[in-house]
Amino acid sequence: MVTALPEAITSQLADQAIELPSWAFGNSGTRFKVFSTAGTPRDPFEKVADAAEVHRHTGQAPAVALHIPWDRVDSFADLRDHAGEHGVRIGTINSNTFQQDEYKFGSLAHVDAGVRQKAIDHHYECIDVMDVTGSRDLKVWLADGTNYPGQGDLRGRQDRLAESLEAIYSRLGPEQRMVLEYKFFEPATYHTDVPDWGTSFAQVSALGDRAKVCLDTGHHAPGTNVEFIVMQLLRLGKLGAFDFNSRFYADDDLIVGAADPFQLFRILAEVIRGGGLNNPEVTFLIDQCHNVEAKIAGEIRSVLNVQEMTARALLLDRDALAAAERDGDVLTANEVYMDAFYTDVRPALAQWRQSRGLPADPMAAHRASGYQERIEADRIGGTQASWGA
Ligand code: LRH
Ligand code: MN
């Protein structure tokens with residue numbers, strides 16, 4: 001355990017900004033059930049207010065990512081200003097071409113030009129939203145794929161996807177970016193058109209400098225060395241964003257660091273090694289669903305897990321690691337690595353937060369604020385927000 005963190009570390013933690021997903025504040029679930037929860041927002045304005053509650057107590061979550069159409073409003077200027085009044089801003093805009101009948105056999109990779117154009121037009125709508133909210137990133141995740149061998153021409157789909165992405169990329173403003181998210185399966189079960197980092201890298205590299213890869217930590221085959229992919233994408237200058245969460249089996253979208261804290265530590269160690277921490281090129285976004293646990297508290301826990309593991313990874317004695325590597329001293333190298341992981345930074349972080357005028361224990365502060373009780377009392381009636389799947 002460390003009682004205090006050196007300024008060299010706290011200054012980096014102070015700059016760490018973690019984007020929250022608007023959809024984590026709405027109801028979500030599985031194909032079996034989407035549970036409702038008292039106090040759940042009924043609209044994007046209430047989602048933004050809940051995200052601001054997380055930032056109020058942690059000081060590290062200054063932006064909220066939106067998902068279109070889940071967060072479609074009459075005036076995005078009003079939503080932008082509402083966010084500002086709550087001390088946060090609108091971040092990444094996520095497109096959605098996975099919930100309409102026309103997209104049964106795909107969207108940007110669909111064999112029918114009319115369906116592709118519909119999907120491209122949806123991304124143009126998202127870019128229009130970005131123009132109003134001042135968002136830099138358009139995040140594209142596609143459910144496109146097939147369920148049976150022979151169902152689709154894998155090569156033809158890649159070529160059509162490339163064409164569609166080019167049309168979208170060419171509409172971006174000079175300060176705007178596209179981040180293309182990959183996922184090895186689900187909902188498609190035989191092949192997914194953007195299944196891995198290599199495919200996303202190939203597609204975004206063909207587009208240009210303002211197209212990058214989005215790495216969702218829950219989107220890899222079991223046993224994948226995710227931190228190796230982080231290292232490589234940073235090395236190639238193509239890591240644009242993280243979707244942080246954790247999983248035991250599939251794309252569980254659980255609280256980041258909950259299922260595998262050591263993996264989160266290893267990922268953050270490569271982020272720091274590769275110059276990805278507090279790098280404006282690399283967005284830290286949380287992408288989770290709180291199916292059974294309290295949503296706002298769940299997001300606070302998530303921000304704290306990323307912060308705590310970042311602090312531990314910043315404690316890594318890289319000179320000792322390099323020396324051990326040079327000497328072929330495997331066990332010493334691993335010992336140095338595990339020392340940092342096993343170092344309890346929580347008391348030092350609590351003290352540091354207090355020194356910055358933030359609550360030592362953000363979770364306790366949230367619970368003491370009565371915010372959850374207030375929204376449960378106020379948000380009666382209306383339709384609770386959800387994925388609408
Ligand atoms: C797909 C995904 C993607 C989002 C959705 C909410 O699994 O990770 O990032 O659009 O979840
Ligand atoms: Mn994701």
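**Stop 1: His 366**

Start by selecting His 366, which sits in helix α13 (residues 362-369). You are looking at a predicted model, so take each stop on this tour as a feature of that prediction. Is His 366 buried or exposed? Its relative accessibility is 5%, under the 20% cut-off, so His 366 counts as buried.

Now show what surrounds this histidine. Leaving aside neighbours within four places in sequence, His 366 is in contact with Glu 53, His 57, Ile 296, Ala 297, Ile 300, Tyr 371 and Gln 372.

**Stop 2: strand β6**

Next, select residues 177-181, which form strand β6. How many of the residues in β6 are buried? The count is 5 of 5, so the strand is mostly covered. Turn on the side chains and look along the strand: Arg 177, Val 179 and Glu 181 point one way, while Met 178 and Leu 180 point the other way. In a regular strand, side chains alternate between the two faces of the sheet.

Keep β6 on screen and add its partners. Strand β4 (residues 137-141) pairs with β6 in the parallel sense, over 5 bridges. To find one of these bridges, select Asp 137 and look across to Arg 177, its bridge partner in β6. Then add strand β8 (residues 211-216), which runs parallel to β6 and is joined to it by 4 bridges. Here, try selecting Met 178, which stands opposite Ala 211 in β8.

**Stop 3: Ser 200**

From the strands, move on to helix α6 (residues 197-207) and pick out Ser 200. Because its relative accessibility is 0%, Ser 200 counts as buried. Which residues touch Ser 200, leaving aside its neighbours within four places in sequence? They are Leu 180, Tyr 182, Val 194 and Val 213. Two of these names lead back to strands you have just seen: Leu 180 belongs to β6, and Val 213 falls within the residue range of β8.

If your viewer has a distance tool, try it between Ser 200 and Leu 108. Their C-alpha atoms are 14 Å apart in space, and the two residues are 92 apart in sequence.

**Stop 4: the manganese ion**

Select the manganese ion (ligand 2) and show the residues that hold it. Which residues are its protein donors? They are Glu 181 (OE), Asp 216 (OD), Asp 243 (OD) and Asp 287 (OD), at 2.1 to 2.2 Å from the ion. Along the sequence, these donor residues follow the spacing E-x34-D-x26-D-x43-D. Glu 181 lies in strand β6 and Asp 287 in the loop between β10 (283-286) and α9 (295-314), so this pair ties together parts that are 106 residues apart in sequence.

Why is the arrangement octahedral? The 6 donor atoms around the manganese ion (ligand 2) subtend angles of 73 to 170°, and that makes it so. For six octahedral donors, the ideal angles are 90 or 180 degrees.

Check two of these donors for exposure as well. Glu 181 counts as buried, at 3% relative accessibility, and Asp 287 counts as buried at 9%.

**Stop 5: the largest pocket**

Switch on a surface and look for the largest pocket, which holds about 1400 Å³ of space. Its lining is made by 48 residues, and those nearest its centre are Trp 141, Lys 183, Glu 186, Pro 187 and Trp 387. The elements giving two or more residues to this lining are β4 and β5 (145-146).

**Stop 6: two cis peptide bonds**

Stay with two of the residues at the pocket's centre. Glu 186 and Pro 187 are joined by a cis peptide bond, with omega about 5°. Pro 187 is in the loop between β6 and β7 (191-192).

For another cis bond, go to Ile 68 and Pro 69, where omega is about 20°. You will find Pro 69 in the loop between β2 (63-67) and α3 (76-85).

**Stop 7: two positive phi angles**

Finish with a pair of backbone details. Asp 253, in the loop between β9 (239-244) and α8 (261-273), has a positive phi near 55° and is not a glycine. At 7% relative accessibility, Asp 253 counts as buried.

Your last selection is Asn 278, in the loop between α8 and β10. Its phi is also positive, about 55°, although Asn 278 is not a glycine. With a relative accessible area of 33%, Asn 278 is partly exposed.

Conventions:
Residues numbered from 1 in each chain as written. Chains lettered and ligands numbered in written order. Predicted model: local features only at pLDDT ≥ 70, side-chain atom pairs only at ≥ 80, totals over all residues. Heavy atoms only, no water. Buried < 20%, exposed > 50% of the residue type's maximum accessible area, 1.4 Å probe, protein only. Pairing = 2+ DSSP bridges. Contact = heavy atoms within 4.5 Å. Donors = N, O, S within 2.8 Å, 3.2 Å for Na, K, Ca; no water. Tetrahedral: all angles 85-135°; square planar, octahedral: opposite > 155°, others 65-115°. 1 Å grid on protein atoms, 1.4 Å probe; cavity = no way out; pocket = protein on both sides within 12 Å on 5 of 7 lines; lining within 4 Å. Points joined across faces, edges and corners; volume = space filled by probe spheres on them.
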